[in-house]
Amino acid sequence: MNRNTIVASTVALTVALGGCAGMSDTQQRVGTGAAIGGLAVGALTGEWGWAAAGAAAGAAGGYLVDQQKRNQQAAQQRAFEQGVQTGKQQAQQQQQQQQR
């Protein structure tokens with residue numbers, strides 16, 4: 001792959017990622033995965049067909065990462081809420097014991 005193609009790809013990636021500000025987390029992760037996959041495979045092979053396949057694989061990977069992050073955040077939120085409820089119950093039990 002020649003130097004001009006690499007420079008053009010880098011500029012295109014920079015511009016594309018700069019537009020991610022208004023996107024959801026899922027859109028950002030899928031878009032970033034597609035860009036990285038497309039550029040990496042395109043740079044290695046120098047063929048657009050393979051670059052498109054790399055972009056598709058990168059997008060799928062970005063989606064899977066997003067789902068994992070969402071599951072992790074949901075589990076953390078459930079654990080936090082469970083901890084809050086346990087704390088409230090313990091506080092109530094202590095108050096009841098003190099009133100006796």
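User: Before we discuss how two helices cross, how are axes drawn and over what range do angles run?
Analyst: Axes are lines fitted to C-alpha atoms, and for helices the fit covers the stretch in contact. The angles between N-to-C directions run from 0 to 180 degrees.

User: In this predicted model, at what angle do the axes of α2 and α3 cross, and within what distance do they come?
Analyst: Two packed helices are described by the angle between their axes and the distance between the axes. For α2 and α3, the axes come within 6 Å, and the crossing angle is roughly 145 degrees.

User: Is the crossing of α2 and α3 left-handed or right-handed, and which residues of α2 make the contact?
Analyst: The crossing of α2 and α3 is right-handed. On the α3 side, the contact is made by W50, A51, G54, A55, G58, A59, G62, Y63, V65, D66, K69 and R70. On the α2 side, the residues are D25, T26, R29, V30, G33, A34, G37, G38, V41, G42 and T45.

User: How many residues of each class does the contact of α2 with α3 have?
Analyst: Glycine is counted with the polar residues, a point to keep in mind for G33, G37, G38 and G42 of α2 and for G54, G58 and G62 of α3, which take part in the contact. By class, the contact has five charged, nine polar and nine nonpolar residues.

User: What span does helix α2 reach, and which residue follows α2?
Analyst: Helix α2 covers residues 25-45, which makes 21 residues, and from its first C-alpha to its last it reaches 30 Å, close to the 30 Å expected at 1.5 Å a residue. The phi of the residue that follows α2 is positive, near 75 degrees, and that residue is G46.

User: How many residues does α3 have, and what span does α3 reach?
Analyst: Helix α3 runs over residues 48-99, and its count is 52 residues. Its span from first C-alpha to last is close to the value expected at 1.5 Å a residue, and that span is 76 Å.

User: Which residues of α3 are buried, and what does their cover include?
Analyst: The buried residues of α3 are A51, G54, G58, A59, G62 and D66. In α2, the buried residues are T26, G33, A35, G37, G38 and G42. What covers the buried residues of α3 includes α2.

User: How many salt bridges does a search of the whole structure find, and which residues do they join into one network?
Analyst: The search finds two salt bridges. D66 pairs with R29, with the closest N and O atoms 2.7 Å apart, and D66 also pairs with R70, with the closest N and O atoms 3.0 Å apart. Salt bridges that share partners join into one network R29, D66 and R70.

User: Where along the chain do the partners of D66 lie, and how far apart are D66 and R70 in helix α3?
Analyst: The pair of D66 and R29 links distant parts of the chain, with D66 in helix α3 and R29 in helix α2, 37 residues apart. D66 and R70 are separated by about one helical turn, because they are four residues apart in helix α3.

User: Is D66 buried or exposed, and what is its relative accessible area?
Analyst: Of its salt-bridge partners, R29 is partly exposed at a relative accessible area of 23%, and R70 is partly exposed at 43%. Residues under 20% count as buried. D66 is therefore buried, with a relative accessible area of 0%.

User: Which residues does T26 touch, not counting residues up to four places away in sequence?
Analyst: T26 is found in helix α2, and T26 is buried, with a relative accessible area of 18%. With residues up to four places away in sequence left out, D66 touches D25, T26 and R29. By the same rule, T26 touches Y63, D66 and R70.

User: How far apart in space are Y63 and V30, C-alpha to C-alpha?
Analyst: Y63, found in helix α3, counts as partly exposed at 43% relative accessibility. Leaving aside neighbours within four places in sequence, Y63 is in contact with T26 and V30. Y63 and V30 are 33 residues apart in sequence, and their C-alpha separation is 5.2 Å.

User: What separates the C-alpha atoms of A53 and G37?
Analyst: A53 lies in helix α3 and is partly exposed, with a relative accessible area of 38%. A53 and G37 are 16 residues apart along the chain, and their C-alpha atoms are separated by 8.2 Å.

Conventions. Residues numbered from 1 in each chain as written. Predicted model: local features only at pLDDT ≥ 70, side-chain atom pairs only at ≥ 80, totals over all residues. Heavy atoms only, no water. Helix = DSSP H or I, 4+ residues; strand = E, 2+ residues; numbered from the N terminus. Expected span 1.5 Å × (residues − 1). Buried < 20%, exposed > 50% of the residue type's maximum accessible area, 1.4 Å probe, protein only. Salt bridge = Lys/Arg side-chain N within 4 Å of Asp/Glu carboxyl O. Left-handed = near helix turned anticlockwise from the far one by under 90°. Contact = heavy atoms within 4.5 Å.
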